[in-house]
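Q: I'm new to this structure. Could you take me through one part of it slowly, and tell me what sits next to what?

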Amino acid sequence: MIGIVVSRADSASVHIGERLLELADWDERTDGDRPDADGGGTVFARDGFELREFDALHIDLDDPAAAFDADLDFLVVVSRHAGETGALLTAHFTGNFGPADYGGEPGRFARACPNAQRAVVEALRDRAPDDYEVGIEATHHGPTEPTVPSMFVELGSDDEQWDDPEGARAVAAAVLDIEGVAADADRQLVGFGGGHYAPRFERVLRETDWRVGHIAADWQLKAMGGPETNRDVLRRAFEASAADLALVDGDRDDLAAALEAEGFRVVSETWVRETTGVPLDRVAALEADVTTIDEGLRFGARIGADDYEVVSLPDGLLGEAQGIDLDAALDAVRETTVAFHTTEGGTRAVGRAAVAGDGYDELVSRLCDVLREKYDSVVRDDGAVTATTRAFDPAAAREFGVPEGPAFGTLSAGQSVEVDGETVAPEDVSKERLVEFVV
């Protein structure tokens, strides 16, 4: 059940509320036990939602959830967004990493609903009029005391948009789209650093399967003060996000140290991206058995295998194959392993890998296929791959009287040349080259 808060002190909130009532069939009843100004009076309900109106500005409401009769999973506060950002639909959580200049308590946070925020942002993208941007904001303003998870979903950023029926309808439709969505998921993190509109964290929502709870933008971290002396504030941000991982934008060694001292793991955006779709218990096992993601661990197509063993990749054979066709060789590793070690930003495989079943044999076979693009013969036998090819031999060419220069290039390219009236064929001045790779 989702509670919807409309503030009569906010014209955009009122307009969104009107669109909500237009877009769905609602049952009306009267709550005479609570003043109309405080969410009583006329109440609107339908499957999955209850909507109440309040006179006060929403940032000044301590706990609007207390007005609702329903057993709420989370609250959605529909609101205006103000700023020099043009037409914008946005969502964010409430709280204060530093002083409480705009409602709530200092160093306190409302319980976030990261999974619901992800869902509503996706719905906003689907519903937004053509001239509207969609994004998220860092945590800011009150209230900080709601007894259920909550988020603000906003229409911005000036009078033109606050009065725009299409913008209000888009927000209303997006809120209705998240009927039945849970407040939380099993992949949630807290964000630190960057600008107020949090492009890195919006990218995480859009491009990975992770959800983002509270976000402390640069200005909030400055307002908070030193991380070491505000570990209680940091801890509350994680508790209010139902998360134990942190993604930090920028170099903040003091912050990372304070977070880790509190038992929270600081991860990179690469880690977040690479773990998308991978069970977290499997991630932990492979980071322990092979290497960490930040040190080059990448996951293969057989990540779902029931069991695996860790082996050394055939580095000589693999290196030769990557020199012939890097993409094909890397595809061979990716498609035959559970996970593997990489260097150069994940672009070259080397070292150890986790394999299952016949994955190692298939990998060697695939790499042999790549070598056949260069070598005349490639044979695997007795723990080795032997590759042979015939190549131009300058010494043999000199014995035939071929002068160095263009004639060498012609023979090397596989074409015959004339020397003193005699034809010298490429095979006359070539020799077999043999390379062996241990596998």
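A: Here is a walk around one sheet and the helix beside it. Keep in mind that this is a predicted model, where local features need pLDDT of at least 70, side-chain atom pairs count only at pLDDT 80 or more, and totals for chains, interfaces and linings use all residues. Residues are numbered from 1 along each chain as its sequence is written, and side-chain values use heavy atoms, with hydrogens and water left out.

The sheet is open and has four strands in the order β10-β9-β11-β12, paired in parallel. Strands here are DSSP runs of E with at least two residues, helices are runs of H or I with at least four, and both are numbered from the N terminus; two strands pair if DSSP finds at least two bridges between them. At the edges stand β10 (211-216) and β12 (265-267), and each has a single partner strand, so one side of each is left without a neighbour in the sheet. On average, neighbouring strands are turned by 35 degrees against each other, direction ignored.

Now zoom in on β9 (residues 188-192): it pairs with β10 in the parallel sense over four bridges. Q188, for instance, has R211 in β10 as its bridge partner. Helix α2 (residues 114-127) packs on this sheet, touching β9 and β10 (contact means heavy atoms within 4.5 Å). The direction of α2 makes about 100 degrees with that of β10; axes are lines fitted to C-alpha atoms, for helices over the stretch in contact, and angles run from 0 to 180 degrees between N-to-C directions.
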